[in-house]
Structure formats: C-alpha cells, structure tokens
Amino acid sequence: MPADRIHISDFRELVFEEIPFYFEETTRGGEIAFEYNLGSGYSVFILTSIDKDDKVVRKEGDAIRVLVTDDSDELVDMKPHTKRTDGFGERVIEKVSDYILCPVCDESVKVAEGEYGPYYFCTDQECDYTNSV
C-alpha cells in the first residue's frame, strides 16, 4: 500500500510496535489521534491525518503531527510535520521519543509543576535529568 493511502491498522503497526508506552486512541478535528499522558495536565498527541470514519488518509499530502498540549488544550510544543513517505514510521517514533524518553537513560519522562513552571523529569530515581517544558 502506498504511504499516502495507509490504513489506521498499518499506522498502528508501524509506529506502536516500537513505542513501549500506552497511547489512547481518540479523535481530534475529524482525524484519528493518539494521546499519551505526561502528567500534570500535559499530553503528547500524534495527529495521524487519518479520517476517523474512513480509517484511511484524509487527503494526499497530509502530514503527521506530534505535539504537546496542556490541560486547557493549548499548544505547548510541536515537532516539524512528518510527511507520509517511505520511512515515516521511524521519523514519527523519533519525534515521539523526544517527548517521552529521557535523553540520558532512556527511561520514561513525565511533567511536573515546579516553582518556575512546568518541567520534564526522568522517572528513574537514579537519573537527575530535568528540562523546562
């Protein structure tokens, strides 16, 4: 199947076999999306551009977006769009991993509210990684 006509089941297989975290399937703006809760009201979304009804790509040229929102659904950060071309699964995984894996030890990261605002922290108690959101 051409990358621009991919079905949602193919998307799941390409992306989620490599990501060891639970993403809840949901919809946003008529497309299928996947959400991972980072804690403290922050979530990572993968917006697939796959139609929620037809379960295939909405239109040729649509791109996949990976972003973080806060509890009021405001955009906090967004990676550059991923074009649905050969190898797009690996590129999506890399962008998602930037938000959910610690760059020091590869354990999961979460978000907490601190004195100076929200920040990412590593869930491994032996690792001292933190970074502002």
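This is a short tour of a predicted model, moving from the whole chain to its aromatic rings, its nonpolar core and one cysteine.

**The whole chain**

Begin with the cartoon view of the entire protein, where you can pick out two helices and nine strands, arranged along the sequence in the pattern α-β-β-β-β-β-β-α-β-β-β. The radius of gyration is 15 Å, close to the 14 Å that the globule rule gives for 133 residues, so the protein is as compact as a globular protein of that length. If you turn the C-alpha trace along its principal axes, it spans about 45 × 30 × 20 Å. Switching to a surface view, you are looking at an accessible surface of about 7,600 Å², of which 43% belongs to carbon and sulfur atoms, while buried residues account for 42% of the 133 residues.

**The aromatic rings**

Next, select the aromatic side chains, among which seven aromatic pairs are counted. Centre the view on F11 and F88, whose ring centres are 6.2 Å apart and whose planes meet at 25 degrees; because planes under 30 degrees apart count as stacked, this pair is stacked. The pair joins distant parts of the chain, since F11 belongs to helix α1 (residues 8-16) and F88 to helix α2 (residues 88-100), with the two positions 77 residues apart. Are these two residues, F11 and F88, buried or exposed? Both F11 and F88 are buried. Now add F16, F21, F23, F34 and Y36 to the selection, and together with F11 and F88 you have one aromatic cluster.

For a contrasting arrangement, select Y119 and F121, an aromatic pair that is tilted, with 6.2 Å from centre to centre and 55 degrees between the planes. Y119 is partly exposed, with a relative accessible area of 29%, and F121 is partly exposed as well, at 27%.

**Charges over rings**

Two further selections show a charged side chain placed over a ring. Display R28 with F45, and you will find the charged end of R28 sitting over the ring of F45, 4.2 Å from its centre. Then display K79 with Y99, where K79 lies over the face of Y99 at 4.9 Å from the ring centre.

**The nonpolar core**

In soluble globular proteins, nonpolar side chains tend to be buried together. Here the largest nonpolar core has 32 residues, and those with the most contacts inside it are F11, F23, L38, V44, I46 and I100. Colouring by element helps at this point, as α1, β2 (31-39), β3 (42-51), β4 (63-69), α2, β7 (109-114) and β8 (117-122) each supply at least two residues of this core. Which element gives the largest share of this core? That share, six residues, comes from α2.

Select L38 to see the surroundings of one of these core residues: leaving aside neighbours within four places in sequence, L38 is in contact with residues including V44, V68, Y99, I100, V109, V111 and Y120.

**C102 and its surroundings**

Finish at C102, which lies in the loop between α2 and β7 and is buried, with a relative accessible area of 1%. Leaving aside its neighbours within four places in sequence, C102 is in contact with E107, V109, C122, C127 and Y129. Add C122 to the selection and compare the two C-alpha atoms: C102 and C122 are 20 residues apart along the chain, yet these atoms are separated by 5.9 Å. Zooming out again, among contacts between residues at least 6 apart in sequence, 39% join residues at least 24 apart.

Notes
Residues are numbered from 1 along each chain as its sequence is written. This is a predicted model: local features need pLDDT of at least 70, side-chain atom pairs count only at pLDDT 80 or more; totals for chains, interfaces and linings use all residues. Side-chain values use heavy atoms; hydrogens and water are left out. Rings of Phe, Tyr and Trp (its six-membered ring) pair if their centres lie within 6.5 Å; planes under 30 degrees apart count as stacked, over 60 as edge-to-face and the rest as tilted. Helices (H or I, at least four residues) and strands (E, at least two) are DSSP runs, numbered from the N terminus. Buried means under 20% relative accessible area, exposed over 50%, partly exposed in between (1.4 Å probe, protein chains only). A charge sits over a ring if NZ of Lys or CZ of Arg is within 6 Å of the ring centre and within 35 degrees of the ring normal. A nonpolar core is a set of buried Ala, Val, Leu, Ile, Met, Phe, Trp, Tyr and Cys residues joined through side-chain atoms within 4.5 Å. Contact means heavy atoms within 4.5 Å. The radius of gyration is taken over C-alpha atoms; the globule rule is 2.2 Å times the number of residues to the power 0.38. Accessible areas come from the Shrake-Rupley method with a 1.4 Å probe; for residues, only the protein chains shown count as cover.
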